[in-house]
Amino acid sequence: LLLTNVPYRIHNEAYNLNLFVTNDMKGPDHMVEAHGGATDRSTFTIVPDHDNVYRIHNQAYDLNLFVTKDRMSPDHIVEAHPATDRSQFVFVPQGGAFFIHNQAYDMNLFVTNDMMGPDRIVEAHTARDRSLFTLTPV
């Protein structure tokens with residue numbers, strides 16, 4: 001059951017890490033990475049947009065996750081930014097977890113092997129490897 005407007009930690013099952021909005025910038029936007037910690041920057045609310053489509057809102061920065069046009073290898077980088085059509089996600093149930101699917105690019109969020117300091121970068125791609133997430137109410 002997906003509860004909206006409830007604070008969550010978004011946990012990647014493959015790496016046992018939480019998504020968070022970093023202080024690392026790519027242009028004017030904050031990058032999204034994964035780490036083992038749990039801070040206010042790793043707290044998100046799932047905000048209804050329309051017809052089972054949601055925005056993932058980071059409370060600490062008052063920004064939404066979005067899939068950028070910027071690439072790292074063949075994959076799109078995920079950053080935090082005010083809402084755009086690239087901020088719209090569908091949560092696709094898979095057992096007790098979810099694939100977080102971006103409709104604009106027809107891609108799933110995933111935690112990469114690419115590193116930014118000690119943290120893993122979050123990107124979007126068409127495969128489903130490293131793309132399963134659980135949502136834990138905070």
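Two strands count as paired if DSSP finds at least two bridges between them. The model used in these exercises is predicted.

**Exercise 1. Asn58 and its partners**

Find which residue in β6 stands opposite Asn58, and how β5 and β6 pair.

*Solution.* Start at Asn58. Leu63 in β6 stands opposite Asn58. Next, take the strands. β5 and β6 (residues 63-72) are antiparallel, with two bridges. The cut-off is at least two bridges, so β5 and β6 count as a pair. Now turn to β4. Asn58 in β5 is the bridge partner of Phe44. β4 (residues 44-50) also runs antiparallel to β5, over six bridges.

**Exercise 2. The turns**

For each hairpin, state how many residues lie between the strands and which turn residue has a positive phi.

*Solution.* Go turn by turn.

1. β4 and β5: two residues lie between the strands, and Asp51 has a positive phi of about 40°.
2. β5 and β6: four residues lie between them, and Asp62 has a positive phi of about 55°.
3. β6 and β7: two residues lie between them, and Ser73 has a positive phi near 60°.

**Exercise 3. β6 and β7**

Give the sense of pairing of β6 and β7, and the bridge partner of Leu65.

*Solution.* β7 covers residues 75-81. β6 and β7 pair in the antiparallel sense, over six bridges. Leu65 has Ala80 in β7 as its bridge partner.

**Exercise 4. Burial of β5**

Why is β5 described as largely enclosed?

*Solution.* Buried means under 20% relative accessible area. Five of the six residues in β5 (residues 53-58) are buried, so the rest of the structure largely encloses this strand.

How values were computed
Residues are numbered from 1 along each chain as its sequence is written. This is a predicted model: local features need pLDDT of at least 70, side-chain atom pairs count only at pLDDT 80 or more; totals for chains, interfaces and linings use all residues. Side-chain values use heavy atoms; hydrogens and water are left out. Buried means under 20% relative accessible area, exposed over 50%, partly exposed in between (1.4 Å probe, protein chains only).
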